[in-house]
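Work through the exercises below with the structure open. Each task is followed by its solution.

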Amino acid sequence: MGPYELLSLFFQFLDSFAFLVLATVGLAIIFGMMGVINLAHGEFILVGAYATTLSFHSLADLGVPLALPIAMVVGVLVTMVFGLVLEVTVMRRLYGRLLDSMVATWAISLIMIQLLRIQFGNSIDNIAIPGGNVSFGPYTNPYYELFLVGAAIAVLIGLYWLFTRTDFGMRARATIQDKETARSMGVDTDRMYMTTFVIGSGLAGLTGALYAPMQSMSPEAGTGFLVEAFVTVVVGGTSVIVGTLLASGLLGLPKAGFEYAFNSQLIGQVAMLVVAIVAIRLMPSGITGLVESWRQSRRESND
Amino acid sequence: MSERRFSRRRALATGLSGVGVALAGCLAEEDDGNGSGNGGNGETTGTTDDDAPTVGILENRTGNLALEGTSKHQASLLAIEEINENGGVLGEEVEVFDPDPRSDNQRYTELTQEAIRDEEVDALWAAYSSAARETIRPLINQHDQLYFYTTQYEGGVCDKTTFPVGATARQQLGAVVPYLIEEYGERIYIIAADYNFGQLSGEWVNILAEEEGAEIVGEEYIPLESSSFSSTINNIQGEDPDFIMSMLVGGNHAAFYQERAANDLDIPIGSSTTMAQGYEHLRLDPPALTDMYVGVNYMQELQTDASQEFVDAFYEKFPDAEYINQEAQNNYFSVYMWKEAVERAGTFDQEAVIEELESGIEVDAPEGPIELDPATHHMTHHMRVAHADENHEITFDGEQYIEPTFLHDAGCDLTVESEQTQYEPSDVYE
């Protein structure tokens, strides 16, 4: 394997890693904070992608400069409003009820798919992938894919800052750890839940906006995001940042490696899922659980 | 009193039957017992008269395959309307039974049953995908139903009452693979959808490459739900083939062409699946499909008189239609071919009509005059290589009149022996 092949493999790993991180964060936040699994996560992403694509085309038709970045902001905002409406009408009744929430959000997912189809048909026109590409030896890689890697890392850093360095983050973590005590200390926990759900929706919308040029826009396109996000959340566990980061790395590596070695996307997918099965067997509460118990033992030995 | 109650029950039954097809089937039978021929098919246009000749047109207008199915449905209606305006078939007006199968194979089964048992259709056009065709073919066989399958497909169906009149993989690939070997060179990279159709098409490219002395330098079969192609593109770049043969299908796989453009991958692509069915050259922004070569028997861009006449008539009837695909043309000419066979037979009796079709029949299709091959029930097609340039303008080249040879090699002769099988290339070659 020459240096170019190695670089190509590295780019493919980054590609898988960025996809897993971005597909997962929105789901992970809602799961970590509220203990509900949002099976309509893929359709949340799709709302962002559709809003981005449709507003991009109307902006571009009007000749507005920077149509794509503006359209992406629109995509995120639309998804946040969508999340807010669903939180108020459906989700807030389901917090902490894992199985009920799965059934309800699955229904939302099915309804969304059909509504998108009725409203916009079987596909809408795509956005071309912006920017050129970096070329190395016989290979090329679009700049845009590298931008996605940067975006994934920026999202993780942003969340770390939000949850550890801000007042909101402290209240949010207090709500997760002990809802009753947080309430007695004057934290409006219902509001915390609502805000967190909207942030989670916004992140899903951001993922949709960023991946809009990379995907064919059809009503089923959300499913592809959900499966990988779901697996990553289960392997990662409840901690949003550590879990998502480590699980995306752990799953992205076999995916890219096997895909490359066997020249088959299918084998890459199989390898990723096998690693997920083994990981869940060895770490039933995900990577987060492992990190927690490691921290605890270190604390004990320090005492 | 009792009469009023009865009629109220009838009204209720008729209303309810719109709720579900299975239910509609039951109620229609009950109605027949009451001496009325009309089943209450609330959602279909075909509450058909028992005696009138009826054709079944089961084409998807919603669901996953609506994009490809809609113009098939429209072209069938156009043909029937034209025929009725010109005096019908054997002097009778033809009725249409055309509920929407909604791209759902389960619904295809139900509607096919309804078409055969309740509507007693004289001929049936149904199914876009091979999966849908194979779902309903047992029913077709059970009832010896005259059936036209018009989608381009992997080939190999040898069936007494089935007429697969679309181009086969061998006809399409046989037009485009040798053309590209001649034009660009002998190193071929295959990418195809990972299911029955894609795998068999890949097999055909292998067979054709061997016949032409070309070399397959890489092969990748891609899951239908996959829409990420950066590794595939790097693998292709690593092998640097003279051209790519792509049998990708469906919405997800269209992302390949976007990534190809973003990577400036300018290796030409041959295909049997792009443009002529899902009009990607209109749906994707140029230059995503630059130097795409597709083996087709028809596209609406074809500039012959016969084609333009068809295009004009089609858009006059359906001004909002998005595209006339290859399959729509196949539905159109096969309706006329059926009419011709019925009139030659002098009856709508299906066995007699099949016998007429098998005696050899020619039809002036928009693609050009073509004929049915009696032994295999397939068409000899005018195959062309359609090329998209960097503005997605279509030009045609390398026209050949290609016979359906594969089933002859497989020993299928339906005029001699009645069969209901599907042969695969590996049954015949090697």
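**Exercise 1: two sides of a helix**

This is a predicted model. In helix 14 of chain B, Glu351(B) and Glu355(B) are exposed.

Task: Find which residues of helix 14 of chain B are buried, and decide how they are arranged around the helix.

Solution.
1. Take the span. Helix 14 of chain B covers residues 350-358.
2. Apply the cut-off: buried means under 20% relative accessible area. The residues that pass are Gln350(B), Val353(B), Ile354(B), Leu357(B) and Glu358(B).
3. Look down the axis. These buried residues fall within an arc of 140 degrees, so they line one face of helix 14 of chain B.
4. Recall the geometry. An α-helix has 3.6 residues a turn, so residues three or four places apart point the same way.
5. Check the other side. There, Glu351(B) and Glu355(B) are exposed.

**Exercise 2: cover and exit**

Task: Name elements that cover the buried residues of helix 14 of chain B, then state which residue follows the helix.

Solution.
1. The cover includes strand 4 (147-149), strand 6 (162-164), helix 13 (326-345) and strand 13 (368-372) of chain B.
2. Gly360(B) follows the helix. Its phi is positive, near 95 degrees.

**Exercise 3: the other chain**

Task: How many helices and strands does chain A have, and how compact is the chain?

Solution.
1. Count the elements. Chain A has 12 helices and 2 strands.
2. Compare radii. The radius of gyration of chain A is 20 Å, close to the 19 Å that the globule rule gives for 303 residues, so chain A is as compact as a globular protein of that length.
3. Add burial. Of the 303 residues of chain A, 53% count as buried.

Methods:
Residues are numbered from 1 along each chain as its sequence is written. Chains are lettered from A and ligands numbered from 1 in the order in which they are written. This is a predicted model: local features need pLDDT of at least 70, side-chain atom pairs count only at pLDDT 80 or more; totals for chains, interfaces and linings use all residues. Side-chain values use heavy atoms; hydrogens and water are left out. Buried means under 20% relative accessible area, exposed over 50%, partly exposed in between (1.4 Å probe, protein chains only). Helices (H or I, at least four residues) and strands (E, at least two) are DSSP runs, numbered from the N terminus. The arc is that of the directions from the helix axis to the C-beta atoms. Contact means heavy atoms within 4.5 Å. The radius of gyration is taken over C-alpha atoms; the globule rule is 2.2 Å times the number of residues to the power 0.38.
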